[in-house]
Amino acid sequence: SVRIAAVSPSEFGGDWAELIALSGPVDISRFVLTDLDGSDNFLAVSPVTLRAGEKALVHWGEGITEIDGVGDANANGQRDLYLSHDEPLSSTDDQLVLVWGNKIHDAVVFTNGDGRISRDEQKDLLYLSNAGEWSGGVSQTGAVNVGTYRLPVERIDPTRDSNSKDDWRSRSPSGVAQAGATR
């Protein structure tokens, strides 16, 4: 199985999400990362096989996708995939959903903590709640808070998934995790 391990909805571009294979080998090329609102594409057009514990970094922007046969071309310790034609993540309130076919594999809901959430996002949160993929309801208090500076958030334990904000924590700007900062 595959999960979202971290997400960075940057206000200034450079959005990314990290995926982790809990078991494997698994080809993640046919998975889709979606916010449920935009146009979505497969992660890759050729196989991208991860072994158990291996990670892939998905970037919204231009770059060379490290498919099988290319491997870790930039030697950063994980596979890099680029979604150049998809809409980037929202830097305010949004969700990121990992889908294969018609099945939701994982989801994370994040907000900037300003107390407001749009009707469109409420609709998406209700959909995830009804699907059993997010238990936070349709308010900002039920989502992971990325804060004013849109700090990346990471899963506390990739093997644990309660489908709630309790699975997540924020990263400080230096990359050191801050437990409890998302609550």
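Helices (H or I, at least four residues) and strands (E, at least two) are taken here as DSSP runs, numbered from the N terminus. The structure is a predicted model, in which local features need pLDDT of at least 70 and side-chain atom pairs count only at pLDDT 80 or more, while totals for chains, interfaces and linings use all residues. Residues are numbered from 1 along each chain as its sequence is written, and side-chain values use heavy atoms, with hydrogens and water left out.

A good place to begin is a sheet. Two strands are said to pair if DSSP finds at least two bridges between them. On this basis four strands, in the order β4-β8-β9-β10, make up an open sheet with mixed pairing. Its edges are β4 (32-34) and β10 (144-145), each of which pairs on one side only. Starting from β4, three bridges link this strand to β8 in the antiparallel sense, and L33 stands opposite L98 in β8. Next along, β8 and β9 run antiparallel and are joined by seven bridges; here V99 stands opposite I104 in β9. These two strands form a hairpin with two residues between them, and G101 in the turn has a positive phi of about 65 degrees. At the other edge, β9 (residues 103-111) pairs with β10 in the parallel sense over two bridges, with T111 opposite N145 in β10.

Helix α1 (residues 119-130) packs on this sheet, touching β8 (94-100) and β9, and its direction makes about 40 degrees with that of β8. Such angles run from 0 to 180 degrees between N-to-C directions, the axes being lines fitted to C-alpha atoms, for helices over the stretch in contact. Contact means heavy atoms within 4.5 Å.

What surrounds the residues of β8? A residue is buried under 20% relative accessible area, exposed over 50%, and partly exposed in between (1.4 Å probe, protein chains only). Six of the seven residues of β8 are buried, so this strand is largely enclosed by the rest of the structure.

The interior can be followed further through the nonpolar core, defined as a set of buried Ala, Val, Leu, Ile, Met, Phe, Trp, Tyr and Cys residues joined through side-chain atoms within 4.5 Å. The largest such core has 38 residues, and those with the most contacts inside it are L19, I28, L33, L43 and L96. Two or more residues come from each of β1 (2-8), β2 (16-21), β6 (55-59), β8, β9 and α1, with β9 giving the most, five residues. Apart from its neighbours within four places in sequence, L43 is in contact with L19, I28, S29, F31, L33, V58, L81 and L83.

Some backbone details in the loops also deserve a look. Most residues other than glycine have a negative phi, and most peptide bonds are trans. L36, in the loop between β4 and β5 (49-50), has a positive phi near 75 degrees and is partly exposed, with a relative accessible area of 29%. N163 likewise has a positive phi, of about 55 degrees; this residue lies in the loop between β11 (153-155) and β12 (168-171) and is buried, at 15% relative accessible area. The peptide bond from G24 to P25 is cis, with omega near 10 degrees, and P25 is found in the loop between β2 and β3 (26-27).
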